[in-house]
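Trainee: Please take me slowly through one part of this protein, strand by strand, and then show me what lies around it. I work at the bench, so spell out the terms as you go.

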Amino acid sequence: MPVKTVAVIGAGASGLTAIKCCLDEGLEPTCFEKSDDIGGLWRYKDQSEDERASIYKSVIINTSKEMMCFSDYPIPEHFPNYMHNSKIMEYFRMYAKNFNLLSHVRFKTTVSSIKRSPNFATTGQWIITTEKEGNQEIALFDAVMICTGHHTFPNLPLYSFPGIQKFKGKYMHSREYKVPDNFKDKRIIVVGIGNSGGDIAVELSRTAQQIRKLVQLRPKSPSVSDTGVIFEDGTVEENIDAVIFATGYSFSFQFCEESVISVKSNKTSLYKFMFPYHLEKHTLAIVGLIQPIGAIMPISELQSRLATRVFKEMYVESQRHTVQVDYVEYMDELATLADVKPNLFRMFLKDPQLALYVYFGPCTPYQYRLTGPGKWSGARGAILTQWKRIIKPTQTRILENGSVDKSIPLMLKICAVFIVLTALFLYC
Ligand SMILES: Cc1cc2nc3c(=O)[nH]c(=O)nc-3n(C[C@H](O)[C@H](O)[C@H](O)COP(=O)(O)OP(=O)(O)OC[C@H]3O[C@@H](n4cnc5c(N)ncnc54)[C@H](O)[C@@H]3O)c2cc1C
Ligand SMILES: NC(=O)c1ccc[n+]([C@@H]2O[C@H](COP(=O)([O-])OP(=O)(O)OC[C@H]3O[C@@H](n4cnc5c(N)ncnc54)[C@H](OP(=O)(O)O)[C@@H]3O)[C@@H](O)[C@H]2O)c1
């Protein structure tokens, strides 16, 4: 059954690009956004709101504008390379306006439940329940894109800090931190060495009396008295006014049946961090549930492009070849994980002959023995002689003078030169 209607949950960076990609594929998106505006995490408010990601006032993105933009809408050239959050919001508003995305968003509408329809195995459809200003609505959709972010629910590991309940000062999670003003001349402890912990400690160091940053607390955390902190090495910091837990986030999909997506300690099992493996129909995709060393937005965009193509059943369902992979891509992927993938660029500099064989030759398994754990000293030789071994069994005709016919290798050499030249011409 062809997919037409798509429920997009959330109108942050991921949701916006999901709507756009649905439109590009001729699908009909309806985006449900629980707040009254787009932008998700990047829409700064002076007070953190329940169940919406929250940032502090000074946040500057740590991914550059050319690396974080959506692929068909460059960030204006006069915008700084590393933007303040207000500029990022400006960009998202421009993107939404340019592609007319807002007309597909229903604001102040919370998705409270998504369930497989009774005939899901054949239709792949979903029953979506939404709530707006006390009114509940139920609707059927052909597909769902969950774009609810994963920096919303604070990880507050109070259990690791015995005595914290007696602490007379203030303790809070970094999502509640907004500006340094309230911490002037205070003595503060920041827990966590992620980007939030680093940024907040630096910002507070300009106004606070003393900052102490806690890193590598595990496995043993300090204990807390009513006014101070006792570290595992025995040192004591007294008269602490505030402890800021910059200890990251947990994620969950409470609106979704556990049999569809289950999350335990921030671990879930999804194909490419997107599709629940076990569903009969792949009409549900999670977008933006990724922690890259780099920007999330272009990944959310490509995930959305892939999801909408999957929804449109570009990939025919059949029992045959359900575990099919592309040999080279899959081998490279496994080799990368096993740290045995050869670095071609370095090889071109160090051993150009071998590099030419690896690049232009067949992807024989020896190349995954050239480097890394399990490296084999015979791998280079095996690659350089692979054509010899291929040709050998074909040389069955014994010539009268006893020598083998040299014409086949010569022909192959000429072909190889021709292939190399053609490949160089095409790649340069
Ligand atoms: C302090 C901080 C700084 C960061 N800096 C960077 C950076 O420099 N570069 C980078 O790439 N990433 C950064 N990130 C990561 C950030 O999460 C992403 O940049 C981006 O905001 C993810 O967008 P999203 O749309 O997936 O999620 P969000 O921005 O969280 O948006 C989710 C949306 O879904 C809505 N929603 C949630 N549940 C429901 C529901 N049940 N029904 C309806 N609507 C719902 C929410 O209201 C929200 O609008 C940072 C994160 C933090 C915390
Ligand atoms: N644009 C920016 O400049 C900017 C600013 C802030 C945040 N961000 C982004 O926002 C996201 C969240 O960052 P974040 O810094 O808030 O969270 P984070 O990256 O998850 O870091 C959390 C930190 O808290 C520590 N921690 C967690 N539980 C702990 C415990 N029980 N005891 C001691 N330490 C504990 C973690 O240590 P372990 O490593 O041992 O778990 C880690 O150092 C990231 O994507 C980040 O890049 C970006």
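Mentor: Let's settle two words before we start. Two strands pair if DSSP finds at least two bridges between them, and the elements themselves are DSSP runs, numbered from the N terminus: helices (H or I) have at least four residues and strands (E) at least two. This is a predicted model, in which local features need pLDDT of at least 70 and side-chain atom pairs count only at pLDDT 80 or more, while totals for chains, interfaces and linings use all residues. Residues are numbered from 1 along each chain as its sequence is written, while chains are lettered from A and ligands numbered from 1 in the order in which they are written.

The part I'd pick is an open sheet of 5 strands, with the order 3-2-1-7-19 and parallel pairing. Its edge strands are strand 3 (105-106) and strand 19, each of which pairs on one side only. Go to strand 1 (residues 5-9) and work outwards. On one side, 5 bridges link strand 1 in parallel to strand 2 (residues 28-32), and Thr5 stands opposite Glu28 there. On the other side, strand 1 runs parallel to strand 7, joined by 4 bridges, with Val6 facing Ala143. Strand 7 then pairs with strand 19 (residues 284-286), also in the parallel sense, over 3 bridges; here Met145 has Ala285 as its bridge partner.

Stay with strand 7 (residues 143-146) for a moment. In a regular strand the side chains alternate between the two faces of the sheet. Strand 7 is covered on both: Ala143 and Met145 on one side and Val144 and Ile146 on the other are all buried. Buried here has a plain count behind it: 20 or more other C-beta atoms lie within 10 Å of the residue's own, against 12 or fewer for exposed and anything in between for partly exposed, with C-beta atoms placed from the backbone.

What packs on this sheet? Helix 6 does, touching strand 1, strand 7 and strand 19, and its direction makes about 165° with that of strand 7. Such angles run from 0 to 180 degrees between N-to-C directions, along lines fitted to C-alpha atoms, for helices over the stretch in contact. Contact means that the C-beta atoms of two residues, placed from the backbone, lie within 7 Å.

Now for the interior. A nonpolar core is a set of buried Ala, Val, Leu, Ile, Met, Phe, Trp, Tyr and Cys residues joined through C-beta atoms within 7 Å. The largest one has 52 residues, and the members that touch the most others are Val6, Ala7, Val8, Leu16, Phe92, Val144 and Met145. Helix 1 supplies the largest share of this core, 6 residues. Val8 is a nice one to click on: leaving aside neighbours within four places in sequence, its contacts include Ala18, Ile19, Cys31 and Met145.

Helix 1 turns up again at ligand 1, which is surrounded by 36 residues, the closest being Gly10, Gly12, Gly40, Gly149 and Gly288. A residue counts as near the ligand if its C-beta atom, placed from the backbone, lies within 6 Å of it. Helix 1 (13-24), strand 4 (110-116) and helix 6 (297-311) are the elements that give two or more residues to that shell, and helix 1 gives the most, with 3 residues. By class, the shell around ligand 1 holds 17 nonpolar, 16 polar and 3 charged residues. In this scheme Ala, Val, Leu, Ile, Met, Phe, Trp, Tyr, Cys and Pro are nonpolar, Asp, Glu, Lys and Arg are charged, and the others, Gly among them, are polar.

Finally, a contrast with the covered strand 7. Helix 7 (residues 327-337) is hardly covered, with 0 buried residues among its 11. Val340 follows in the loop between helix 7 and helix 8 (344-350). Val340 is partly exposed, with 17 other C-beta atoms within 10 Å. Between the C-alpha atoms of Val340 and Thr17, 323 residues apart along the chain, the separation is 35 Å.
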